[in-house]
Amino acid sequence: MTQQTEALDRLLEMAVDAGASDVHLKAGSRPKVRLRGQLTPFGTKASLSADLLRSWALSMMGKERFGQFEDELEMDFAYQVPGIARFRCNAHHQRGVVSMVMRVVPSLVRSIVELDLPGVLHQICEDKRGLVLVTGATGSGKSTTARVITGLLPQLAGEIKFDGQILPKRLED
């Protein structure tokens, strides 16, 4: 692990510890996090350089995927800081330089009570058949709700589909 990768992992760890839902990295700006729906400058007071963001993207994606990113100018991928969290990432070129947005996917799945979700969710999960649609605006908790639901369904007879992808019946970190 390079010093630059260690700095990225420390920044992401601090963001998770602060309760951020997203981390935004843009050349020429300070890192920003989304806290309670608001974008807020975070971490270092120095602006991020284009070279630093490029090297972070390369280390997160690996050479092969980074080459594809350079060709397509955008890439969705996952990144993990062991013991901290996973991140759904989008890297893209903005004004000719690399920018990234990372959504925190916590390792710990919280309960219905902790998330203040309606109690009827338990009843829905006990039904033997049916279709559950989880909808909402960006950042409204769709992925979190889906993780709670899948955690309540340890013995499934059918499939779980999320964003068009079939999920494993048992989700393990």
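The side chains of Arg-34 and Asp-22 form a salt bridge, with N and O 3.4 Å apart; the term covers a side-chain nitrogen of Lys or Arg within 4 Å of a carboxyl oxygen of Asp or Glu. Arg-34 lies in strand β2 (residues 32-35) and Asp-22 in strand β1, so this pair ties together parts that are 12 residues apart in sequence. This is a predicted model, in which local features need pLDDT of at least 70, side-chain atom pairs count only at pLDDT 80 or more, and totals for chains, interfaces and linings use all residues. Residues are numbered from 1 along each chain as its sequence is written, and side-chain values use heavy atoms, with hydrogens and water left out.

**Overall layout**

- The protein has five helices and eight strands; helices (H or I, at least four residues) and strands (E, at least two) are DSSP runs, numbered from the N terminus.
- Along the sequence, these elements follow the pattern α-β-β-β-α-α-β-β-β-α-α-β-β.
- The protein has 173 residues, of which 31% count as buried. Buried means under 20% relative accessible area, exposed over 50%, and partly exposed in between (1.4 Å probe, protein chains only).
- About 11,300 Å² of the protein is exposed, and carbon and sulfur atoms supply 51% of that area. Accessible areas come from the Shrake-Rupley method with a 1.4 Å probe, and for residues only the protein chains shown count as cover.
- Among the contacts with a separation of 6 or more, 38% are between residues 24 or more positions apart. Contact means heavy atoms within 4.5 Å.

**Salt bridges**

- The count of salt bridges comes to three.
- Asp-22 also meets Arg-103 in a salt bridge, at 2.5 Å from N to O. Asp-22 lies in strand β1 and Arg-103 in strand β6, so this pair ties together parts that are 81 residues apart in sequence.
- Arg-54 forms a salt bridge with Glu-70, and the closest N and O atoms are 2.8 Å apart. Arg-54 belongs to helix α2 and Glu-70 to helix α3, so the pair ties together parts that are 16 residues apart in sequence.
- Salt bridges that share partners join Asp-22, Arg-34 and Arg-103 into one network.
- Asp-22 is buried, at 5% relative accessibility, whereas Arg-34 is partly exposed at 25%.
- In the pair between α2 and α3, Arg-54 is partly exposed at 37% relative accessibility, and Glu-70 is partly exposed at 28%.

**Helix α2**

- Helix α2 (residues 50-61) has 12 residues and reaches 16 Å from its first C-alpha to its last, close to the 16 Å expected at 1.5 Å a residue. The expected span is 1.5 Å times one less than the number of residues.
- Leu-52, Leu-53, Trp-56, Ala-57, Met-60 and Met-61 are buried in α2. They cover an arc of only 150° around the axis, which puts them on the same side of α2. The arc is that of the directions from the helix axis to the C-beta atoms.
- The cover over the buried residues of α2 includes α1 (3-18), β1 (22-26), α3 (63-72), β4 (74-81), β5 (85-94) and β6 (97-106).
- Gly-62, just after α2, takes a positive phi of about 90°.

**Thr-5 in helix α1**

- Thr-5 is placed in helix α1 and is buried, with a relative accessible area of 11%.
- Apart from neighbours within four places in sequence, Thr-5 is in contact with Trp-56, Ser-59 and Tyr-79.

**Aromatic pair in helix α3**

- The structure holds one aromatic pair. Rings of Phe, Tyr and Trp (its six-membered ring) pair if their centres lie within 6.5 Å; planes under 30 degrees apart count as stacked, over 60 as edge-to-face and the rest as tilted.
- The rings of Phe-66 and Phe-69 have centres 5.6 Å apart and planes at 50°, so the pair is tilted.
- Both Phe-66 and Phe-69 lie in helix α3, three residues apart, which is about one turn of the helix.
- Phe-66 and Phe-69 are both buried.

**Ser-107 after strand β6**

- Ser-107 sits in the loop between β6 and α4 (120-126) and is partly exposed, at 28% relative accessibility.
- Ser-107 and Ala-85 are 22 residues apart along the chain, and their C-alpha atoms are separated by 5.1 Å.
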